[in-house]
Every structure is written in C-alpha cells, then in structure tokens.
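Take a look at the sequence and the model below. The report that follows walks through the fold, a few residues at a time.

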Amino acid sequence: MRVHIATDHAGFELKEKIIAHLREAGHDVVDHGAFVYDALDDYPPFCIDAAKAVASEPGSLGVVVGGSGNGEQMAANCVAGVRAALVWSDATARLAREHNDANMMAVGARQHSDDEAIALIDAFLETPFSGDERHQRRIDLMKDYERSVRA
C-alpha cells in the first residue's frame, strides 16, 4: 500500500522510525517532510502536501505526525477529499477506518511511545472500511457539503 507521511520537528525522529517500520512491512512510503530537524518549522505545508497526495491517489493512505497531532489533523483536513482522524487508541484507529473511511490519520509523538504510535498506525492501515450503508450515507453527506462549499 502507498502511504504518504509528513511531520514537523515535533515528530521528526518518530517519522524516521515509522518510515523504516512501514517499508519493512512492505509498504510504499512517500515522505513529504520535514526532511531535516528544524525546531522552528511549521507543520501545515508538510501535512497539506501529504494530504494533497492522498486526495489525488485513491487507495493510498496518509499519516501525519506532530506533538499532539491536533494541528496536523486540521491541516490535512483543509484538503478536499481528505478525511483525517486524530488517533489516540486502537479503537479510534480502527473506527476511523471502519466507520468513517478515513484516508489519513494524525498521531501525537509527544502523547505516545514510539512503539505505541507505530501500533496505532498499523491498526489504522490494516483496518478496512466496513462499507456499511449507514456509514457510507454519513460520508456522502460530508462529501456533499464539501462539494457545495468548494463550488
């Protein structure tokens, strides 16, 4: 699976570990930055680049990493066609996919150990959308609204 990933300084070290883990698991990982540690960098451009790549490549998924994951999720959700979920537990990782067909997730590097964060990413990536009609109906309502405000 193609996985787009991005972070700022707060998740830089974790991002490198995630990339190694995902590649070892056979995923095709595209790194959208940050490419060097810079304590003063800004997360929105990195996250938006990853989100644009996910939106333009159906079937791919994305991961954005920050200190808390909150801002990174918000930045990713600025891109039409992206449904990014803030993930903090196995249940939120799986439900984001099963119920919301989320195509991106955000995780906070300062909220979890490296192993915990990687386990959350694995749970997100391995969980399919349920396809249940009630969940699809809700997703379609969001898509309809998104189209109406971006038109």
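Ala102 is buried in this predicted model, because its relative accessibility is just 2%. Ala102 sits in the loop between H4 and S5. What does Ala102 touch, not counting residues up to four places away in sequence? Its contacts are Leu61, Arg83, Ala85, Ala96, Arg97 and Phe124. Take Ala85 from that list. Ala102 and Ala85 are 17 residues apart along the chain, and their C-alpha atoms are separated by 6.5 Å.

Asp101 is found in the loop between H4 and S5 as well. Asp101 is not a glycine, although it has a positive phi of about 50°. Most residues other than glycine have a negative phi. Asp101 counts as partly exposed, at 23% relative accessibility.

Now to the loop between S2 and H2. Ala34 lies there. A cis peptide bond joins Gly33 and Ala34, with omega at about -5°. Most peptide bonds are trans. Leu40 is found in the loop between S2 and H2 too. Is Leu40 buried or exposed? Leu40 is exposed, with a relative accessible area of 74%. His9 is 31 residues from Leu40 in sequence, but the two are 7.6 Å apart in space, C-alpha to C-alpha.

Tyr37 belongs to this loop as well, and it brings in the aromatic rings. How many aromatic pairs does the structure hold? The structure holds one. The pair is formed by Phe12 and Tyr37, whose ring centres are 6.5 Å apart. Their planes meet at 70°, so the pair is edge-to-face. Phe12 is in helix H1, and Tyr37 is in the loop between strand S2 (28-31) and helix H2 (43-56). The two are 25 residues apart, so the pair links distant parts of the chain. Phe12 counts as buried at 15% relative accessibility. Tyr37 counts as exposed at 53%.

Here are residues from this report with their accessibility.

| Residue | Relative accessibility | Class |
|---|---|---|
| Cys47 | 0% | buried |
| Ala102 | 2% | buried |
| Phe12 | 15% | buried |
| Asp101 | 23% | partly exposed |
| Cys78 | 49% | partly exposed |
| Tyr37 | 53% | exposed |
| Leu40 | 74% | exposed |

Next, the strands. Why is S3 described as largely enclosed by the rest of the structure? The reason is that six of its six residues are buried. Leu61, Val63 and Val65 point one way from S3. Gly62, Val64 and Gly66 point the other way. In a regular strand the side chains alternate between the two faces of the sheet. S3 pairs with S1 in the parallel sense, over five bridges. Gly62 in S3 is the bridge partner of His4. S3 also pairs with S5 in the parallel sense over five bridges. There, Val63 has Met105 in S5 as its bridge partner.

Helix H5 spans residues 114-126 and has 13 residues. From its first C-alpha to its last, H5 reaches 18 Å, close to the 18 Å expected at 1.5 Å a residue. Which residues of H5 are buried? They are Ala117, Ile118, Leu120, Ile121, Ala123, Phe124 and Leu125. What covers them includes strand S1 (2-7), helix H1 (12-24), strand S3 (61-66), helix H4 (90-98) and strand S5 (104-108).

That leads to the core. In soluble globular proteins, nonpolar side chains tend to be buried together. The largest nonpolar core here has 25 residues, and Ile18, Ile121 and Phe124 touch the most other members. S1, H1, S3, H4, S5 and H5 are the elements that give two or more residues to this core. H5 gives the most, with seven residues. Ile18 is in contact with Ile5, Val65, Ile118 and Ile121, leaving aside its neighbours within four places in sequence. A second, separate core has 16 residues, including Phe46, Ala50, Ala76 and Ala84.

Last come the cysteines. How many disulfides does a search of the whole structure find? The search finds zero. Why is Cys47 not bonded to Cys78? Cys78 holds the closest cysteine sulfur to that of Cys47, but the distance is 10.0 Å, too far for a bond. A disulfide needs the two sulfur atoms within 2.5 Å. Cys47 is buried at 0% relative accessibility, whereas Cys78 is partly exposed at 49%.

Definitions and conventions: Residues numbered from 1 in each chain as written. Predicted model: local features only at pLDDT ≥ 70, side-chain atom pairs only at ≥ 80, totals over all residues. Heavy atoms only, no water. Helix = DSSP H or I, 4+ residues; strand = E, 2+ residues; numbered from the N terminus. Expected span 1.5 Å × (residues − 1). Buried < 20%, exposed > 50% of the residue type's maximum accessible area, 1.4 Å probe, protein only. Contact = heavy atoms within 4.5 Å. Pairing = 2+ DSSP bridges. Core = buried A, V, L, I, M, F, W, Y, C linked by side-chain atoms within 4.5 Å. Phe/Tyr/Trp six-rings, centres within 6.5 Å; stacked < 30°, edge-to-face > 60°.
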